[in-house]
Amino acid sequence: MKSTAAVKTASTLANLQAAYHGESNAHAKYLAFAAKADQEGYGRAASLFRAAARAEEIHAGNHAAVIRKLGATPECKIEPAPVKSTAENLKVAIEGETYERDVMYPAFIKVAQEEKNAAALRTFRFALEAETEHARLYTAALKNLAQVKPATKFYVCPVCGYTAEKADFARCPVCHHPKEKFEVIS
Ligand code: FE2
Ligand code: FE2
Ligand code: FE2
């Protein structure tokens with residue numbers, strides 16, 4: 001008979017695998033969307049897609065580390081994302097980020113809290129904060145898409161994936177990593 005602890009661990013492990021799969025696919029999808037935005041001359045949207053892609057890669061890496069800590073192997077299948085116009089791609093991105101912000105990560109955080117899995121809680125919370133910014137930045141990008149702008153710098157925290165337009169802080173507002181260590185992506 002399985003112990004209760006083992007059953008609980010399996011639940012957060014399944015959530016970590018789902019999140020790892022989602023983040024890995026979001027990373028690939030946003031790089032494809034960035035290439036399309038460049039083609040269409042939306043330099044700023046392309047920069048944002050690349051910055052968010054990097055953030056999702058950081059989230060995937062953080063989730064994978066916790067999966068390994070639990071003795072499992074990270075698993076994901078990259079499914080090629082349909083690439084449409086940049087306006088439509090932004091809508092798809094907003095939908096994905098909103099789902100992660102409002103549904104997926106809050107549910108995963110709740111289970112991790114119940115299971116007292118601090119490492120899972122940390123990686124889910126980091127992602128939740130970054131996805132909140134991604135949803136906001138993509139929404140602004142869609143609104144301002146008609147104003148075609150050149151490539152723009154975005155700042156990505158290498159620890160938690162927090163993504164900002166302006167580095168107007170000394171330390172990451174989410175994980176307190178120093179600003180000097182942020183990756184600049186355009
Ligand atoms: Fe993410
Ligand atoms: Fe995101
Ligand atoms: Fe951070």
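Is A37 buried or exposed? A37 counts as buried because its relative accessibility is 0%. Buried here denotes under 20% relative accessible area and exposed over 50%, with partly exposed in between (1.4 Å probe, protein chains only). The structure is a predicted model, in which local features need pLDDT of at least 70, side-chain atom pairs count only at pLDDT 80 or more, and totals for chains, interfaces and linings use all residues. Residues are numbered from 1 along each chain as its sequence is written, chains are lettered from A and ligands numbered from 1 in the order in which they are written, and side-chain values use heavy atoms, with hydrogens and water left out.

The overall fold comes first. The chain contains 4 helices and 3 strands. Helices (H or I, at least four residues) and strands (E, at least two) are DSSP runs, numbered from the N terminus. Their order along the sequence is α-α-α-α-β-β-β. The C-alpha trace spans about 60 × 40 × 25 Å along its principal axes. The radius of gyration of the chain is 17 Å, which agrees with the value near 16 Å for a compact globule of 186 residues. This radius is taken over C-alpha atoms, and the globule rule is 2.2 Å times the number of residues to the power 0.38. Of the 186 residues, 44% count as buried. Among contacts with a separation of 6 or more, 75% come from residues 24 or more positions apart. A contact requires heavy atoms within 4.5 Å.

Two iron ions share ligands from the helices. Donors are N, O and S atoms within 2.8 Å of the metal (3.2 Å for Na, K and Ca); water is not among the atoms, so sites may look incomplete. The iron ion (ligand 1) is coordinated by E23 (OE), E23 (OE), E56 (OE), H59 (ND1) and E131 (OE), at 1.9 to 2.4 Å. The donor spacing for the iron ion (ligand 1) is E-x32-E-x2-H-x71-E. For the iron ion (ligand 2), the protein donors are E56 (OE), E97 (OE), E97 (OE), E131 (OE) and H134 (ND1), at 2.0 to 2.3 Å. The donor residues of the iron ion (ligand 2) are spaced E-x40-E-x33-E-x2-H. E56 bridges the iron ion (ligand 2) and the iron ion (ligand 1), which lie 3.9 Å apart. E56 belongs to helix α2 (residues 43–69) and E131 to helix α4 (residues 118–143), so the pair ties together parts that are 75 residues apart in sequence. E56 is buried, with a relative accessible area of 1%. E131 is buried too, at 0%.

E100 contacts two of these donor residues, E23 and E131, and also Y105, P106 and L128, leaving aside neighbours within four places in sequence. E100 sits in helix α3 (residues 86–114). E100 is buried yet has no salt bridge. A salt bridge is a side-chain nitrogen of Lys or Arg within 4 Å of a carboxyl oxygen of Asp or Glu. The nearest side chain of opposite charge is K29, 7.1 Å away. Lys and Arg count as positive and Asp and Glu as negative; His and the chain ends are not counted.

The iron ion (ligand 3) has a sulfur site. Its protein donors are C157 (SG), C160 (SG), C172 (SG) and C175 (SG), at 2.3 Å. The donor residues follow the spacing C-x2-C-x11-C-x2-C. The 4 donor atoms subtend angles of 99 to 118°, which makes the arrangement tetrahedral. Four donors count as tetrahedral if all angles lie between 85 and 135 degrees. Both C157 and C160 are buried.

Helix packing was examined at two positions. A37 lies in helix α1 (residues 4–39). A37 touches Y42, A45, A46, F49 and T86, not counting residues up to four places away in sequence. R50 is found in helix α2. R50 counts as partly exposed, at 24% relative accessibility. The C-alpha atoms of R50 and A34 are separated by 6.1 Å, although the residues are 16 apart along the chain. With residues up to four places away not counted, R50 touches L31, A34, D38, I185 and S186.

Two loop residues have unusual signs of phi for their type. K116 has a positive phi of about 55° although it is not a glycine. K116 is placed in the loop between α3 and α4. K116 is exposed, with a relative accessible area of 73%. H176, also a residue other than glycine, has a positive phi near 70°. H176 lies in the loop between β2 (163–164) and β3 (183–185).

Methods
Tetrahedral: all angles 85-135°; square planar, octahedral: opposite > 155°, others 65-115°.
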